[in-house]
Amino acid sequence: MRFDISEDPTGLWFWTLLDERSGAVVCSPSRFRTQVQAYADIAAFKASVSVAGVLVGDRPKRRSQSGGGGQLGLL
């Protein structure tokens with residue numbers, strides 16, 4: 001995965017997170033006046049995602065005590 005920083009026709013900057021096939025996964029929710037601001041927003045996004053948990057329904061996914069050897073299933 002990689003981030004791509006681009007300039008739109010109005011001169012504002014935005015970022016797109018691309019998968020290994022260059023498909024867009026998520027785009028920045030806003031535009032930035034400078035390329036540096038877009039880089040800073042990427043850093044903030046990466047920091048917030050690095051601590052994100054996974055919820056299934058309204059509760060955190062728990063390890064199964066019965067069968068499956070204690071492994072989490074695929075989401």
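Here are some questions and answers about this predicted model.

Student: Let's start with the sheet. What is the order of the three strands?

Tutor: The sheet is open, and its strands pair in antiparallel fashion. Strands E1 (2–7) and E3 (24–27) stand at the edges with a single partner strand each, so one side of each has no neighbour in the sheet. From one strand to the next the twist averages 30°. The order is therefore E1-E2-E3, with E1 and E3 at the edges.

Student: Which residue in E3 is the bridge partner of Leu18?

Tutor: E2 covers residues 13–18 and runs antiparallel to E3, with three bridges joining the two. For Leu18, the bridge partner in E3 is Ala24.

Student: OK, on to charges. Which residue forms a salt bridge with Asp8?

Tutor: The structure holds one salt bridge, and its closest N and O atoms are 3.4 Å apart. One end, Asp8, is in the loop between E1 and E2, while the other is in the loop between E3 and helix H1 (35–50), so the pair ties together parts 23 residues apart in sequence. The partner of Asp8 is Arg31.

Student: Is Asp8 buried or exposed?

Tutor: Its salt-bridge partner Arg31 has 42% relative accessibility, so Arg31 counts as partly exposed. Asp8 comes in at 16%, and the cut-off for buried is under 20%. That makes Asp8 buried.

Student: Over the ring of which residue does the charged end of Arg31 sit?

Tutor: Besides forming a salt bridge with Asp8, Arg31 has its charged end 4.2 Å from a ring centre. That ring belongs to Phe14.

Student: Now the aromatics. What kind of aromatic pair do Phe3 and Phe45 form?

Tutor: The count comes to three aromatic pairs, and in this one the rings are 6.2 Å apart centre to centre, with 85° between the planes. Phe3 lies in strand E1 and Phe45 in helix H1, so the pair ties together parts 42 residues apart in sequence. Planes over 60 degrees apart count as edge-to-face, and this pair is edge-to-face.

Student: And what about Trp15 and Phe45: how far apart are they centre to centre?

Tutor: This pair links strand E2, home of Trp15, to helix H1, home of Phe45, across 30 residues. It is tilted, with 45° between the planes. Centre to centre, the distance is 5.0 Å.

Student: Which residue of the cluster formed by Phe3, Trp15 and Phe45 is buried?

Tutor: Phe3, at 26% relative accessibility, counts as partly exposed, and so does Phe45 at 24%. At a relative accessible area of 1%, the buried one is Trp15.

Conventions. Residues are numbered from 1 along each chain as its sequence is written. This is a predicted model: local features need pLDDT of at least 70, side-chain atom pairs count only at pLDDT 80 or more; totals for chains, interfaces and linings use all residues. Side-chain values use heavy atoms; hydrogens and water are left out. Two strands pair if DSSP finds at least two bridges between them. Helices (H or I, at least four residues) and strands (E, at least two) are DSSP runs, numbered from the N terminus. Axes are lines fitted to C-alpha atoms, for helices over the stretch in contact, and angles run from 0 to 180 degrees between N-to-C directions. A salt bridge is a side-chain nitrogen of Lys or Arg within 4 Å of a carboxyl oxygen of Asp or Glu. Buried means under 20% relative accessible area, exposed over 50%, partly exposed in between (1.4 Å probe, protein chains only). Rings of Phe, Tyr and Trp (its six-membered ring) pair if their centres lie within 6.5 Å; planes under 30 degrees apart count as stacked, over 60 as edge-to-face and the rest as tilted. A charge sits over a ring if NZ of Lys or CZ of Arg is within 6 Å of the ring centre and within 35 degrees of the ring normal.
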